[in-house]
Amino acid sequence: MRRSGLVVVVLSSLACSEPASIDIQPERPLIGSKTETLQLRATVKDKNGKVLSQVPVTWASMTPTMANVDTSGNVTAVTSGTATILARAGQASKEVDVIVSLAKRIAFDPDKPLLMMGITKAFKVTVYNDRDQPLIAGELRWSTSDPKIFTVDKFGNVKTLEEGTAILTVHALGIEGKNEITVKHEELHEDGSLSQ
């Protein structure tokens, strides 16, 4: 009878140590570049919530056209979209959606303008992904190739100073965009109007 009881206890213990659930971190993963690698971390638990640290986890991409994953849970991007990554441990499994957002180009407004000297002009940009869809640009970093011709502040406001041509550059989401700006004197016409 004692042996039978021992067997029951051992079997019950083994059942409790079976993988029952998987938690994946981060919960809302995002990849913003093809050169970026996202590390997914899986925590395997039994039915009582105990962490099973020695249980191996296998990874698979359910959408390899969007992203791939290696045996260690490292995800790399292929194209913009939502990639589904599957983690499996024993009979337990968990899927997580990875947002892939790959910035490809930056469009300026206005584009390649001719500006008069002594004015301040606000520039705006739109960042597009590799599917030509607009993205939320986030923080922008502006610069000028020649601060003698024009300067630019952190908001994209260009102040023209001298005649000439210089490049306005903006960095956003890991890429850069360039915009050629020409600055000229204003001309006084016989009717008293000014033009570039």
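Select strand 3 (residues 37–39) together with strand 7 (residues 74–77) in this predicted model, and you will find the two running antiparallel and joined by three bridges. Within that pairing, put L38 and V75 on display, since V75 in strand 7 is the bridge partner of L38. Now add strand 6 (67–69) to the selection, which completes an open sheet of three strands in the order 3-7-6, with antiparallel pairing. Strand 3 and strand 6 are the edge strands here, each of them pairing on one side only. Looking along the sheet, you can follow a twist that averages 25° from one strand to the next.

Before going further, zoom out to the whole chain. The protein has 196 residues, of which 31% count as buried, and its secondary structure consists of one helix and 21 strands. Its accessible surface comes to about 12300 Å², and carbon and sulfur atoms hold 51% of that area. If you draw the contacts with a separation of 6 or more, residues 24 or more positions apart account for 49% of them.

Next, select strand 1 (residues 21–25) and strand 4 (residues 41–45), where five bridges hold an antiparallel pairing. At the end of strand 1, show Q25 and find R41, its bridge partner in strand 4. Then colour strand 1 by face: I22 and I24 make up the covered face, while S21, D23 and Q25 belong to the uncovered one. The general pattern behind such a division is that side chains in a regular strand alternate between the two faces of the sheet.

Move on to strand 5 (residues 58–61), which can be coloured in the same manner, with W59 and S61 on a covered face and T58 and A60 on an uncovered one. Add strand 8 (residues 81–89), which runs antiparallel to strand 5 and is joined to it by four bridges. Among the residues to label in this pair are A60 and L86, with L86 in strand 8 standing opposite A60.

Stay in strand 8 and centre the view on A89, which has its place in that strand. Is A89 buried or exposed? Its relative accessible area is 0%, and A89 therefore counts as buried. Display its surroundings, leaving aside residues up to four places away in sequence, and you will see A89 touching P19, I22, V44, V55, P56 and V57. One of these, I22, has already appeared on the covered face of strand 1. A distance drawn from the C-alpha of A89 to the C-alpha of E18 reads 9.3 Å, although the two residues are 71 positions apart in sequence.

The next stop is N129, in strand 13 (residues 124–129). N129 has a relative accessibility of 5% and so counts as buried. Show its side chain and look for the backbone nitrogen of R131, which the side chain of N129 reaches at 2.8 Å. Beyond residues up to four places away in sequence, N129 touches S80, L102, A103, K104 and L135.

Now select F108 and W142, the two members of an aromatic pair. How many aromatic pairs does a search of the whole structure find? The search finds one, and in it F108 and W142 are arranged edge-to-face, 6.4 Å centre to centre with 70° between the planes. Because F108 lies in strand 10 (residues 103–109) and W142 in strand 15 (residues 141–144), the pair ties together parts that are 34 residues apart in sequence. F108 counts as buried at 10% relative accessibility, and W142 counts as buried at 13%.

For the final view, select strands 12, 17 and 16, which form an open sheet of three strands in that order, with antiparallel pairing. Strand 12 (120–122) and strand 16 (150–152) stand at the edges, and because each has a single partner strand, one side of each is left without a neighbour in the sheet. The twist in this sheet averages 20° from one strand to the next. Restrict the selection to strand 16 and strand 17 (residues 157–160), and three bridges can be followed along their antiparallel pairing. Finish by labelling F150 and T160, where T160 in strand 17 stands opposite F150.

Methods:
Residues numbered from 1 in each chain as written. Predicted model: local features only at pLDDT ≥ 70, side-chain atom pairs only at ≥ 80, totals over all residues. Heavy atoms only, no water. Buried < 20%, exposed > 50% of the residue type's maximum accessible area, 1.4 Å probe, protein only. Contact = heavy atoms within 4.5 Å. Areas by Shrake-Rupley, 256 points an atom, 1.4 Å probe, with all protein chains shown as cover. Polar contact = N/O pair within 3.5 Å; in protein donor to acceptor, adjacent residues only side chain to side chain. Pairing = 2+ DSSP bridges. Axes fitted to C-alpha atoms, helices over the stretch in contact; angles between N-to-C directions. Phe/Tyr/Trp six-rings, centres within 6.5 Å; stacked < 30°, edge-to-face > 60°.
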